[in-house]
Amino acid sequence: DRTLLPYEKRAELATNSIAKELFNIMATKKTNLCLSVDLTTTTSILDLLEKVGEHVCLVKTHIDIIEDFSADFITRLKSLAKRFNFLILEDRKYADIGNTVSLQYLKGLYKVAEWADCVTVHSLPGEGILKALNNSTNGVSQGVFLLAEMSSEGNLITPDYTEETVKMALKYPNLMCGFVCQNKSTFKEPGLIQLTPGVQLESTKDGLGQVYNTPEKVMLEKGADVVVVGRGIVAAKSPESQALVYKDVLWKNYLKRVSG
Ligand code: 5FU
């Protein structure tokens with residue numbers, strides 16, 4: 001059972017350098033909280049990260065929702081990542097043929113490959129999408145989280161699709177950080193990371209299909225390693241104190257889990 005091993009041990013088993021680094025950051029900072037900074041201005045994102053950077057291991061962006069994107073924003077984001085020791089995940093959910101994904105990753109306005117430590121990718125188009133990303137590294141470390149399950153109700157992913165997705169991922173051990181998924185049984189490999197979104201203390205769903213579980217449930221029953229929280233923190237009265245609440249409850253349940 002991969003979920004009973006401490007993150008330090010799992011770092012040693014990771015085959016992707018970003019996954020290894022993320023496991024080690026979690027162990028060092030004692031946090032497995034990933035903040036999803038779903039805000040639309042650069043200053044609101046940077047101000048929030050100044051306040052909560054110390055509490056998170058990973059910051060998840062949707063770079064294409066930002067209205068005043070600039071190269072300077074990336075410089076500042078990277079400097080916060082260095083100062084607070086967190087990694088950056090661009091949640092782009094690539095889903096096209098390999099050649100197009102390679103262009104989307106390397107080129108365009110955002111040049112994601114230049115700053116994101118890792119990205120999210122759909123398995124839907126087939127293996128070419130992973131081949132393309134594997135060949136687009138420019139020699140820098142990078143990682144992929146493959147979407148094996150989604151949190152939203154009525155999503156069209158079937159158990160077969162999930163199983164085939166895991167098989168596909170295992171062919172690319174050097175590229176693979178882990179899976180975006182909801183269940184412990186989805187994969188076994190202790191060197192891969194289960195990134196689980198759809199977590200909130202206040203509500204069980206939003207008005208547009210999102211489904212929430214509690215931090216306790218995703219840590220103790222559903223096998224989450226890194227837990228993604230967006231509006232639970234971002235839309236709170238005090239995001240700073242709420243980030244601490246999530247960090248503490250997640251870490252408490254992690255310790256409970258690894259102590260048997
Ligand atoms: F792959 C997925 C998924 O299955 N569910 C998600 O919610 C990704 N997400 C992302 O996590 C989504 O795009 C949001 O950026 C974030 C969840 O935000 P929330 O505010 O905590 O609901």
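Start by selecting Phe-145 and Gly-178: Gly-178, in strand 6, is the bridge partner of Phe-145. Keep in mind throughout that this is a predicted model.

**Stop 1: strands 5 and 6**

Widen the selection to strand 5 (143-147) and strand 6 (176-180). The two strands pair in the parallel sense, over 4 bridges. Now colour strand 6 by burial. Strand 6 is mostly covered, with 5 of its 5 residues buried.

**Stop 2: helix 7**

Add helix 7, residues 159-170. Its buried residues pack against strand 5 and strand 6. Which residues of helix 7 are buried? Select Thr-162, Thr-165 and Ala-169. They sit on the same side of helix 7, because they cover an arc of only 60 degrees around the axis. Turn to the other side of helix 7 and pick out Pro-159, Asp-160 and Lys-167, which are exposed.

Try a distance check here. The end C-alpha atoms of helix 7 are 17 Å apart. At 1.5 Å a residue, its 12 residues should span 16 Å, so the two values agree.

**Stop 3: strand 1 and its partners**

Move to strand 1, residues 33-36. Are its faces covered or open? Both are covered: Leu-33 and Leu-35 are buried on one side, Cys-34 and Ser-36 on the other. The alternation fits a general pattern: in a regular strand, side chains alternate between the two faces of the sheet.

Next, show the partners of strand 1. Strand 8 runs parallel to strand 1 and is joined to it by 3 bridges. Select Leu-33 and look across to Val-227 in strand 8, which stands opposite. Strand 2 (residues 58-61) also pairs with strand 1 in the parallel sense, over 3 bridges. Here the pair to select is Leu-35 and Val-59, the latter in strand 2.

**Stop 4: helix 10**

Select helix 10, residues 239-258. It has 20 residues and reaches 28 Å from its first C-alpha to its last, close to the 28 Å expected at 1.5 Å a residue. Its buried residues are Gln-242, Ala-243, Tyr-246, Lys-247, Leu-250, Asn-253 and Tyr-254. Look down the axis: these buried residues fall within an arc of 140 degrees, so they line one face of the helix.

What does that buried side pack against? Show strand 1, helix 3 (42-52), helix 8 (215-220), strand 8 and helix 9. The face turned away carries the exposed residues Ser-241, Leu-255 and Lys-256. Helix 10 is followed by Gly-260, with a positive phi near 90 degrees.

**Stop 5: the ligand**

Centre on the ligand. It is surrounded by 16 residues, the closest being Met-150, Ser-151, Pro-197, Gly-230 and Arg-231. Colour the shell by class: 6 residues are nonpolar, 7 polar and 3 charged. Strand 8 (226-229) and helix 9 (231-234) each supply at least two residues of this shell.

**Stop 6: two lysines**

Finish with the backbone. Most residues other than glycine have a negative phi. Where does Lys-93 lie? Select strand 3 (residues 87-94) to find Lys-93. Its phi is positive, about 50 degrees, although it is not a glycine. Lys-93 is partly exposed, with 15 other C-beta atoms within 10 Å.

Then go to the loop between helix 5 (98-106) and strand 4 (118-122), where Lys-111 lies. Lys-111 has a positive phi of about 45 degrees. Lys-111 is partly exposed, with 14 other C-beta atoms within 10 Å.

Technical notes
Residues numbered from 1 in each chain as written. Predicted model: local features only at pLDDT ≥ 70, side-chain atom pairs only at ≥ 80, totals over all residues. Near = placed C-beta within 6 Å. Nonpolar A, V, L, I, M, F, W, Y, C, P; charged D, E, K, R; others polar. Expected span 1.5 Å × (residues − 1). Buried ≥ 20, exposed ≤ 12 C-beta atoms within 10 Å, placed from the backbone. Arc of directions from axis to C-beta. Contact = placed C-beta atoms within 7 Å. Pairing = 2+ DSSP bridges.
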